[in-house]
Amino acid sequence: MGEVAVIGAGVAGIQAALDLAQHGVRVHLIEREPSIGGHMAQLDKTFPTNDCSMCILSPKMAEVARHKNIVLHTLTEVVRIGGEVGNFTVTIRRSPRNVDESLCNGCGDCTRICPVEVYNRFDAGIGVRKAIYKPQPQAIPDIVVKDREHCIECGLCYDVCGPGAVMKEEKERLEDLRVVSVIIATGYTLFDACRKAQYRYLLLPDVITSLELERMMNASGPTGGEIRRLSNGKIPSHVIFVQCVGSRDVTVERPYCSCVCCMFSIKNAILLKEKHPEMEVTICYMDIRAYGKGYEEFYERAKGMGIRFIRGLPGGVDADDDGMTMQVENTETGEVYILRPELVVLAVGMDPSPDIDRIASELGIALEETGFVRTREESLWAVETIRPGIYVAGTASSPRDIPDSVTLGSAAAMRAFTDVLRAKAQQNG
Ligand SMILES: Cc1cc2nc3c(=O)[nH]c(=O)nc-3n(C[C@H](O)[C@H](O)[C@H](O)COP(=O)(O)OP(=O)(O)OC[C@H]3O[C@@H](n4cnc5c(N)ncnc54)[C@H](O)[C@@H]3O)c2cc1C
Ligand code: SF4
Ligand code: SF4
Ligand code: SF4
């Protein structure tokens with residue numbers, strides 16, 4: 001039977017790969033990071049049930065690792081694609097891991113002994129990692145990667161590694177895959193909060209993004225699940241969420257709604273209030289978008305818990321010796337408040353994946369003005385791009401939540417499966 005390439009192994013790409021593999025199709029799952037999982041692996045809980053994110057994702061990731069029909073290509077990107085539906089040649093480039101994948105058993109001895117600590121992107125910058133590290137505790141594949149940029153070649157990891165898996169330098173490798181169809185599931189990236197200078201992100205330590213808060217709230221995150229002010233290590237007495245940062249905002253060329261940020265702020269506000277009932281929690285918003293099953297009830301629950309909702313966005317964050325202040329007008333009543341938050345959480349919007357332009361021109365598909373992948377039909381549920389045999393799933397085509405990303409992963413898989421059956425029928429004459 002023909003093979004399929006899935007580009008991007010967040011929850012949408014994982015779902016697409018698993019569905020195809022379960023139908024007997026061999027799948028190449030291509031992920032540029034050292035582990036699969038995407039953004040969902042960084043989250044603490046998921047709305048509206050507040051289930052633990054990794055408890056849902058991790059079994060799927062493990063199934064990917066186990067499935068005989070899935071070939072996993074991590075640290076890998078697509079560099080070229082040629083051909084047409086039924087017969088694509090996808091050229092992939094694998095970046096060096098500098099660790100022998102066939103020897104490493106993921107024991108972590110090298111990480112513990114490595115003396116170099118650097119910024120940890122997985123923890124959204126709040127935590128640190130070593131120069132040789134496992135990208136996350138439940139990484140798949142469950143092995144380490146050595147970052148040559150920060151390694152000082154002290155030699156300690158070579159000495160401690162029993163199986164001798166650490167390599168000084170590995171070469172990048174090119175490989176051609178022959179596939180019937182391609183699914184793009186390259187997801188999203190977050191809006192750069194520094195572009196809204198009035199909120200003083202990275203200038204004031206107690207102004208953070210929603211993803212940083214997710215990492216802080218996560219028991220396996222850098223603070224062990226404790227919410228602390230980065231300025232003084234204390235639990236904040238008043239947390240303010242600022243909505244629509246980099247969404248519905250033409251001044252930063254982001255006219256669209258990012259769909260999930262109302263819900264993830266409500267979720268995190270509820271979680272904060274559950275853990276610290278005495279904490280004052282405020283959400284400053286333009287509109288509340290609670291469109292999914294059980295979402296409106298979730299919003300009502302938040303209000304019932306004493307979380308304060310103010311319709312109006314603050315002009316910015318000011319700070320003096322007494323702390324931070326924010327002025328906001330309640331547009332429903334005309335009242336103006338001066339708020340004194342101890343922690344400000346910016347609900348940053350979703351941007352298209354950074355190299356989607358390059359992928360789109362390589363694949364010969366079109367993008368929307370927003371930069372997300374254009375589908376053949378103007379529907380939120382479409383998965384066909386303008387090029388036959390190339391499909392799109394999850395947030396690569398527009399901002400959406402996890403359930404919708406999973407649904408589209410399955411939909412794209414079924415389209416690709418039809419191509420595989422058609423190619424097989426043609427082969428059999
Ligand atoms: C703070 C925050 C909280 C959230 N909370 C919730 C919640 O509680 N409930 C909910 O339903 N949703 C929530 N979401 C939304 C959720 O994160 C997304 O709906 C979901 O993760 C989308 O999955 P995806 O697979 O489409 O994209 P991603 O998770 O972005 O995965 C894309 C994958 O593709 C890889 N990739 C990108 N480019 C390439 C390339 N060129 N080559 C190879 N690989 C590539 C990436 O490395 C990544 O692994 C939240 C989002 C944020 C920001
Ligand atoms: S490289 Fe060696 S020491 Fe490090 S995790 Fe792998 S097997 Fe263990
Ligand atoms: S050789 Fe590099 S990766 Fe290994 S322990 Fe030393 S600094 Fe860390
Ligand atoms: S989901 Fe809510 S916070 Fe996010 S852009 Fe839309 S209205 Fe703004």
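Let's start with helix α8, residues 356-363: its buried residues are Ile 356, Ile 359, Ala 360 and Leu 363. They share the same side of α8, because they cover an arc of only 100 degrees around the axis. Keep in mind that this is a predicted model. Below you'll find the rest of the helix, a sheet, the shells around two ligands, and some backbone oddities.

**Helix α8 and its surroundings**

- Flip to the other side of α8 and you'll find Asp 357, Arg 358 and Ser 361, which are exposed.
- The cover over the buried residues of α8 includes strands β6, β13 (181-184), β23 (350-352) and β24 (390-392).
- Right after α8 comes Gly 364, and its phi is positive, near 70 degrees.

**The sheet with β6, β7 and β12**

- One of the strands covering α8, β6, also belongs to an open sheet of 3 strands.
- The order in that sheet is β6-β7-β12, and the pairing is antiparallel.
- At the edges sit β6 (76-84) and β12 (173-179), each of which pairs on one side only.
- On average, neighbouring strands here are turned by 20 degrees against each other, if you ignore direction.
- As a reminder, strands of a sheet pair through backbone hydrogen bonds, and they can do so in a parallel or an antiparallel way.
- For β7 (residues 87-94) and β12, the antiparallel pairing runs over 7 bridges.
- Two arginines face off across strands: Arg 94 stands opposite Arg 173, the latter in β12.

**Around ligand 2**

- The shell here has 15 residues, and the closest are Cys 104, Cys 107, Cys 110, Cys 161 and Ala 165.
- Sorted by class, the shell around ligand 2 comes out as 11 nonpolar, 3 polar and 1 charged.
- If that nonpolar count puzzles you with so many cysteines listed, note that Cys counts as nonpolar here.

**Around ligand 3**

- Ligand 3 is surrounded by 13 residues; the closest are Cys 114, Ile 132, Cys 151, Cys 154 and Cys 157.
- Its shell splits into 10 nonpolar, 1 polar and 2 charged residues.

**Cis peptide bonds**

- Phe 47 and Pro 48 are joined by a cis peptide bond, with omega at about -5 degrees.
- To find Pro 48, look in the loop between β3 (45-46) and β4 (51-52).
- Another cis bond runs from Ile 140 to Pro 141, with omega near 0 degrees.
- Pro 141 lies in the loop that links β10 (132-133) and β11 (145-146).

**Positive phi outside glycine**

- Leu 75 isn't a glycine, yet its phi is positive at about 55 degrees.
- You'll spot Leu 75 in the loop between β5 (70-73) and β6.
- Leu 75 counts as buried because it has 20 C-beta neighbours inside 10 Å, and 20 or more is what it takes.
- Ala 124 is another residue other than glycine with a positive phi, in this case near 50 degrees.
- Ala 124 sits in the loop between β8 (117-119) and β9 (128-130).
- With 21 other C-beta atoms within 10 Å, Ala 124 is buried too.

Note on methods: Residues numbered from 1 in each chain as written. Chains lettered and ligands numbered in written order. Predicted model: local features only at pLDDT ≥ 70, side-chain atom pairs only at ≥ 80, totals over all residues. Near = placed C-beta within 6 Å. Pairing = 2+ DSSP bridges. Helix = DSSP H or I, 4+ residues; strand = E, 2+ residues; numbered from the N terminus. Axes fitted to C-alpha atoms, helices over the stretch in contact; angles between N-to-C directions. Buried ≥ 20, exposed ≤ 12 C-beta atoms within 10 Å, placed from the backbone. Arc of directions from axis to C-beta. Contact = placed C-beta atoms within 7 Å.
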